[in-house]
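Hi,

Here is the structure I promised to pass on. Have a look at it first, and then read my notes underneath.

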Amino acid sequence: MTALRKSGLAALLALGLAPVACGWMGEEPLTFLRGEQVVSRGDAIQEINLGIVTHSQSCPALQTSAAYSMNGVVQSVFSRTHYYKNSVDICFIILVTAPCPQSTELNTTLAAGFYEALVRSCSPEPATM
């Protein structure tokens, strides 16, 4: 292999592994490198769960659904190791200010989909390299 091919192959491998490789970094190095505040997956889930709890307190029909959403549905939306704080904050605001569904006879699974749809629609942006 020529030196040019070796360096090209090394560059391709580095670019391909860059999103995976930043998983070991903490929030501070990623914040510094990206120039935007970054939070861990756990912190992002915690903030979104707080938004769900806050919203469900104003919508009593959704309290059971909120617990269901926090235990699995919302966690599946957050599959990366880090997220931009600004995008997580926007999701929180969307959750807290969302109007309550009009139907009072909601199925728990369908109501849990309400929160999943809100979180997916705001699409929290993963922080990648």
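Below is what I found, starting with confidence and then moving to the core and one odd residue.

First, keep in mind that this is a predicted model. The protein chain has an average pLDDT of 76, and 67% of the residues score at least 70. Broken down by element, the highest mean belongs to α5, at 94, and the lowest to helix α1 (residues 3-21), at 47. I'd read residues 9-23 with that in mind: the pLDDT is below 50 over this stretch, which makes 9 contacts in the model beyond near neighbours in sequence.

Now the core. The largest nonpolar core is made of 22 residues, and Ile-48, Ile-52, Phe-78, Leu-95 and Val-119 are the ones with the most contacts inside it. Two or more residues each come from α3 (41-58), α4 (63-77), α5 (85-97) and α6 (108-122), with α6 giving the largest share, 5 residues. In soluble globular proteins, nonpolar side chains tend to be buried together.

If you want one residue to centre your view on, try Ile-48. Not counting neighbours within four places in sequence, Ile-48 contacts Val-74, Phe-78, Val-88, Cys-91, Phe-92, Leu-95 and Val-119.

And the odd one: which residue has a positive phi although it is not a glycine? That is Ser-123, with a phi of about 35°. You'll find Ser-123 in the segment after α6. Its relative accessibility is 46%, so Ser-123 counts as partly exposed.

Cheers

Note on methods:
Residues numbered from 1 in each chain as written. Predicted model: local features only at pLDDT ≥ 70, side-chain atom pairs only at ≥ 80, totals over all residues. Heavy atoms only, no water. Core = buried A, V, L, I, M, F, W, Y, C linked by side-chain atoms within 4.5 Å. Buried < 20%, exposed > 50% of the residue type's maximum accessible area, 1.4 Å probe, protein only. Helix = DSSP H or I, 4+ residues; strand = E, 2+ residues; numbered from the N terminus. Contact = heavy atoms within 4.5 Å. pLDDT = per-residue confidence, 0-100.
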